[in-house]
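Open the model in your viewer and keep the selection tool at hand. The tour below goes stop by stop, with a selection and a short note at each.

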Amino acid sequence: MRALPPFSKMAPAEGAAYRRRVMAASRLELNLVRLLCRCEAMAAEKRDPDEWRLEKYVGALEDMLQALKAQASKPASEVINEYSRKVDFLKGMLQAEKLTSASEKALANQFLAPGRVPTTARERVPATKTVHLQSRARYTSEMRSELLGTDSAGEPQLDVRKRTGVTGPRPGDEKQSAAELDLVLQRHQNLQEKLAEEMLGLARSLKTNTLAAQSVIKKDNQTLSHSLKMADQNLEKLKTESERLEQHTQKSVNWLLWAMLIIVCFIFISMILFIRIMPKLK
């Protein structure tokens with residue numbers, strides 16, 4: 001029986017290696033999806049400030065996502081982008097929770113982009129979108145509590161400087177609370193005015209750059225149109241002069257030809273006459 005060639009022996013091994021790579025990539029993606037679902041569930045729950053597992057899980061998600069991007073048989077680019085979007089959202093949410101002020105948390109929460117597609121088929125709405133809405137409501141409640149001086153239950157907070165046994169607030173405390181509230185509102189108003197001015201300045205600069213680019217493009221179009229018109233005129237003039245030169249050349253050639261023929265005939269007749277006249281002189 002004839003032995004098989006070497007490449008036929010290597011084909012099953014290469015196929016098995018390829019199947020192992022595909023299974024490894026699928027297993028990695030499955031682990032990523034499972035951990036992502038776990039992180040989304042933990043983010044939706046109410047956690048203690050000292051909770052550290054979610055941050056570690058998000059770090060593991062980043063490592064798994066980088067490994068999945070480096071795989072040869074990785075998923076489609078849209079799926080990879082959706083995974084990256086959800087991981088970035090969880091990472092940004094953890095960073096926003098570390099801020100001290102409720103207004104800063106609310107502002108940072110506005111810039112977060114939750115996922116667009118559910119992670120699993122059982123979800124109707126993406127879990128990250130639900131977490132985003134919950135965190136927005138929580139930060140809004142905290143900011144309202146800071147402005148009004150109430151706790152999470154909506155009851156007024158007692159000032160530490162109040163004496164024991166005094167049930168109602170003193171007039172000085174009311175004035176101080178009103179002054180602090182006015183100060184906070186004024187600070188937020190100044191911040192909004194500053195952002196509005198910056199956006200207005202950016203819009204003006206964008207408009208100026210657009211108008212400048214439009215004028216430059218308009219001038220370039222006019223120059224190009226003028227150049228094309230001049231090129232057409234020069235081409236027509238060149239054709240006319242070429243035709244005239246061709247006609248002149250043909251005329252000059254005919255005149256020279258007839259002049260040469262006449263000269264040759266004259267010289268021929270003169271030689272004949274000269275030959276006949278010379279013997280008679282002797």
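Start by selecting residues 53-70, helix α2, and residues 77-97, helix α3; their axes come within 10 Å and cross at roughly 155 degrees. Angles over 145 degrees count as roughly antiparallel, so α2 is roughly antiparallel to α3. The crossing of α2 past α3 is left-handed. All of this is read from a predicted model.

Next, show the side chains at this contact. On the α2 side, select Leu54, Glu55, Val58, Leu61, Glu62, Leu65, Leu68 and Lys69. On the α3 side, select Ile80, Tyr83, Ser84, Val87, Leu90, Lys91, Met93 and Leu94. Coloured by residue class, the contact of α2 with α3 divides into 11 nonpolar, 1 polar and 4 charged residues.

Stay on α3 and pick Leu94. Is Leu94 buried or exposed? Its relative accessible area is 12%, so Leu94 is buried. Leaving aside neighbours within four places in sequence, Leu94 is in contact with Arg47, Leu54, Glu55 and Val58. For a distance label, take the C-alpha atoms of Leu94 and Leu54: 8.5 Å separates them, and they are 40 residues apart along the chain.

Now move to Pro49, in the loop between α1 (6-44) and α2. Pro49 has 83% relative accessibility and therefore counts as exposed. Add a second label from the C-alpha atom of Pro49 to that of Glu97, which should read 9.0 Å for a pair 48 residues apart along the chain.

Glu97 turns up again at the next stop, Lys105, which lies in helix α4 (residues 102-110). Which residues does Lys105 touch, not counting residues up to four places away in sequence? They are Ala96, Glu97, Leu99, Tyr139 and Glu142. Lys105 counts as buried because its relative accessibility is 14%, and the cut-off for buried is under 20%.

Extend the selection along α4 to Ala102, Ser103, Lys105, Ala106 and Asn109, which are buried. These residues cover an arc of only 160 degrees around the axis, so they sit on the same side of α4. A view down the axis of α4 is a convenient way to check this.

Keep Ser103 displayed and select His188, in helix α6 (residues 171-281). His188 touches Ser103, Met143 and Leu147, again not counting residues up to four places away in sequence. With a relative accessible area of 18%, His188 is buried.

The following stop is Leu133, in helix α5 (residues 127-148). Leu133 has 48% relative accessibility and so counts as partly exposed. Label the C-alpha to C-alpha distance from Leu133 to Pro114: the two are 9.6 Å apart in space and 19 residues apart in sequence.

Finally, clear the selections and show the whole chain. How many helices and strands does the protein chain have? There are 6 helices and 0 strands, and from the N terminus on the elements run α-α-α-α-α-α. Coloured by accessibility, the chain has 282 residues, of which 18% are buried. In a contact map restricted to a separation of 6 or more, residues 24 or more positions apart account for 65% of the contacts in the chain.

How values were computed. Residues numbered from 1 in each chain as written. Predicted model: local features only at pLDDT ≥ 70, side-chain atom pairs only at ≥ 80, totals over all residues. Heavy atoms only, no water. Axes fitted to C-alpha atoms, helices over the stretch in contact; angles between N-to-C directions. Helix = DSSP H or I, 4+ residues; strand = E, 2+ residues; numbered from the N terminus. Parallel < 35°, antiparallel > 145°, perpendicular 65-115°, else oblique. Left-handed = near helix turned anticlockwise from the far one by under 90°. Contact = heavy atoms within 4.5 Å. Nonpolar A, V, L, I, M, F, W, Y, C, P; charged D, E, K, R; others polar. Buried < 20%, exposed > 50% of the residue type's maximum accessible area, 1.4 Å probe, protein only. Arc of directions from axis to C-beta.
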